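Visitor: I should like to learn how to read individual features of a model such as this one. May we begin with the charged side chains?

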Amino acid sequence: NEVIIGAAGVPGALTAATTITFTNPTAGSISEVHFLQGTTSFAVTFTIAGYTFYQNGKTSGVASGSAVLQAADMAISTFYTARIPWLSATTASVELTKS
């Protein structure tokens, strides 16, 4: 799965708080979200009922519906890829890379 977050006037720009909802991911599959932080940094929230997301090896999980990628984790005017390996029926890993 690949999602492009966009905004008027800036292709692929994340210019507002954004929630991405995944439907029926399969354990072992990988979703990718490609985006560009606009002129203001915003957090990114992933949602799927009952899931906990673990970011970049952090030991504390983030419950579905809470910000997984914090604005402080990303620089303004920078392209990113969030790679989400679905680990089990209730957990996913989130790997954030600059591109």
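Guide: This is a predicted model. Side chains of opposite charge can pair when their charged atoms come close. Here, Arg 83 and Glu 95 form such a salt bridge through their side chains, at 3.2 Å from N to O.

Visitor: Which parts of the chain does the pair of Arg 83 and Glu 95 tie together?

Guide: Arg 83 belongs to strand 9 and Glu 95 to strand 10 (residues 91-98), so the salt bridge links parts that are 12 residues apart in sequence.

Visitor: How many salt bridges does the structure hold?

Guide: There are two salt bridges in the structure. The other pairing to consider joins the side chains of Glu 32 and Arg 83, with an N to O distance of 3.8 Å. Glu 32 lies in strand 4 (residues 30-37) and Arg 83 in strand 9 (residues 79-85), so parts that are 51 residues apart in sequence are tied together.

Visitor: Are these charged residues buried or exposed?

Guide: A residue is called partly exposed when its relative accessible area falls between the limits for buried, under 20%, and exposed, over 50%. Glu 32 has a value of 25% and is therefore partly exposed. Arg 83, at 31%, is partly exposed, and Glu 95, at 28%, is partly exposed as well. Through shared partners, the salt bridges join Glu 32, Arg 83 and Glu 95 into one network.

Visitor: Let us turn to the strands. How should one read a sheet?

Guide: Strands of a sheet pair through backbone hydrogen bonds, either parallel or antiparallel. In this model, three strands form an open sheet in the order 3-5-8, and the pairing is mixed. Strand 3 (18-21) and strand 8 (67-69) are the edge strands, each pairing on one side only. On average, neighbouring strands of this sheet are turned by 45° against each other, direction ignored.

Visitor: In which sense do strand 5 and strand 8 pair?

Guide: Strand 5 (residues 44-47) pairs with strand 8 in the antiparallel sense, over two bridges. As for a particular bridge, Thr 45 has Ala 67 in strand 8 as its partner.

Visitor: What can be read from a single buried residue?

Guide: One asks for its place, its accessibility and its contacts. Gln 55 is located in strand 6 (residues 52-55). With a relative accessible area of 5%, Gln 55 is buried, because buried means under 20%.

Visitor: Which residues is Gln 55 in contact with, leaving aside its neighbours within four places in sequence?

Guide: Gln 55 is in contact with Val 68, Leu 69, Asp 73 and Val 94. With Asp 73, the side chain of Gln 55 also makes a polar contact of 3.3 Å between side chains.

Visitor: Finally, which backbone angles deserve attention?

Guide: One may look at the sign of phi in residues other than glycine. Asn 24 is not a glycine, yet its phi is positive, at about 50°. Asn 24 sits in the loop between strand 3 and strand 4 and is exposed, with a relative accessible area of 69%.

Visitor: Where is Ser 77 found, and is Ser 77 buried or exposed?

Guide: Ser 77 lies in the loop between strand 8 and strand 9. Ser 77 has a relative accessibility of 52% and counts as exposed. The phi of Ser 77 is positive, about 60°, although the residue is not a glycine.

Methods: Residues numbered from 1 in each chain as written. Predicted model: local features only at pLDDT ≥ 70, side-chain atom pairs only at ≥ 80, totals over all residues. Heavy atoms only, no water. Pairing = 2+ DSSP bridges. Helix = DSSP H or I, 4+ residues; strand = E, 2+ residues; numbered from the N terminus. Axes fitted to C-alpha atoms, helices over the stretch in contact; angles between N-to-C directions. Salt bridge = Lys/Arg side-chain N within 4 Å of Asp/Glu carboxyl O. Buried < 20%, exposed > 50% of the residue type's maximum accessible area, 1.4 Å probe, protein only. Polar contact = N/O pair within 3.5 Å; in protein donor to acceptor, adjacent residues only side chain to side chain. Contact = heavy atoms within 4.5 Å.
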